[in-house]
Amino acid sequence: MLWLLAAVPIAAGGYYFLLARRRRSLRRYARLVPANAAESGLRRHVPAALLLLGLASMIFAITRPSAVMVLPSRVETVMLAIDASGSMRATDVKPDRISAAQTAAKTFIEEQPGHVRIGLVAVAGAAAVVQPPTDSRDDLVKAIDRFQLQRGTALGSGLIISLATLLPQAPSTSRS
């Protein structure tokens, strides 16, 4: 549709033609036309210039400009961050919190389609990737069974490590 922009120079040429025709008619009847009838200066061209600008803008809007954007392929990856701190020994959930979390994580893994990659991050005094994203469900279950409770809870670090694992090409926001 950008070919319609060719109408703008054609319209400008038509305007110039009308000005030239008007000048010729004014010369022919110069004695009959008062001296102030012919406006001078650039100000008389402002309405025509605005009309041409509006026409160009309208045509450009009609063309619906678009751009081709290359997007990354769709990869379905989930990172599970599991608390492995000492507080998971509490028995307010039967038999204890860590066992309940392990059972919930295994159930979650089993319910995911086979093409979904899953990774594990253990969150305790320090967070660490226990299992990089994989589609091997056996490796994930083994990694969940190997959790060992430690002191402290670095939940923020666990989230940052999970995001860094999911998006390795993203710029780092941490400062040294």
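Here is a friendly chat between a colleague and a modeller about the structure above.

This is a predicted model, in which local features need pLDDT of at least 70 and side-chain atom pairs count only at pLDDT 80 or more, while totals for chains, interfaces and linings use all residues. Residues are numbered from 1 along each chain as its sequence is written, and side-chain values use heavy atoms, with hydrogens and water left out.

Colleague: Let's start with the layout: which pattern does the protein follow along the sequence?

Modeller: The protein has five helices and three strands. Helices (H or I, at least four residues) and strands (E, at least two) are DSSP runs, numbered from the N terminus. Read along the sequence, the pattern is α-α-β-α-β-β-α-α.

Colleague: How many bridges join E1 to E2?

Modeller: Two strands pair if DSSP finds at least two bridges between them. One pairing here puts Thr 77 with its partner Arg 117 in E2. E1 and E2 run parallel, and the number of bridges joining them is seven.

Colleague: And between E1 and E2, what is the handedness of the β-α-β crossover?

Modeller: The chain crosses from E1 through H3 to E2. A crossover is right-handed if, with the strands pointing away from the viewer, the path from the first strand over the helix to the second runs clockwise. This crossover is right-handed.

Colleague: Which residue in E3 does Ala 122 stand opposite?

Modeller: E2 and strand E3 (residues 127-134) pair in the antiparallel sense over five bridges. A hairpin of three residues joins E2 to E3. Opposite Ala 122 in E3 stands Ala 128.

Colleague: How many of the seven residues of strand E2 are buried?

Modeller: Buried means under 20% relative accessible area, exposed over 50% and partly exposed in between (1.4 Å probe, protein chains only). In the protein, 21% of the 176 residues are buried. Strand E2 (residues 117-123) is largely enclosed by the rest of the structure, because the buried count among its seven residues is six.

Colleague: Which residue in helix H4 meets Lys 106 in a salt bridge?

Modeller: A salt bridge is a side-chain nitrogen of Lys or Arg within 4 Å of a carboxyl oxygen of Asp or Glu, and the structure holds two. The one made by Lys 106 spans 2.6 Å, N to O, and its other side chain is that of Asp 145. Lys 106 lies in helix H3 and its partner in helix H4 (residues 137-145), so the pair ties together parts 39 residues apart in sequence. Lys 106 is partly exposed at 24% relative accessible area, and so is its partner at 44%, which is Asp 145.

Colleague: Is Asp 92 buried or exposed?

Modeller: Asp 92 meets Arg 97 in a salt bridge (3.0 Å, N to O). Arg 97 counts as partly exposed, at 30% relative accessibility. At 53%, Asp 92 counts as exposed.

Colleague: Which proline is joined to Lys 94 by a cis peptide bond?

Modeller: Most peptide bonds are trans. Here, though, a bond after Lys 94 is cis, with omega about -5 degrees. The proline lies in the loop between strand E1 (77-83) and helix H3 (97-111), and its name is Pro 95.

Colleague: What is the relative accessibility of Met 1?

Modeller: Met 1 lies in the segment before helix H1 (7-28). With Trp 3, Met 58 and Ile 62, Met 1 makes a nonpolar surface patch of about 480 Å². Met 1 counts as exposed, because its relative accessibility is 52%.

Terms used
Patches are made of residues with over 30% relative accessible area and no salt bridge: like charges are joined within 9 Å, nonpolar side chains (Val, Leu, Ile, Met, Phe, Trp, Tyr) within 5 Å. Accessible areas come from the Shrake-Rupley method with a 1.4 Å probe; for residues, only the protein chains shown count as cover.
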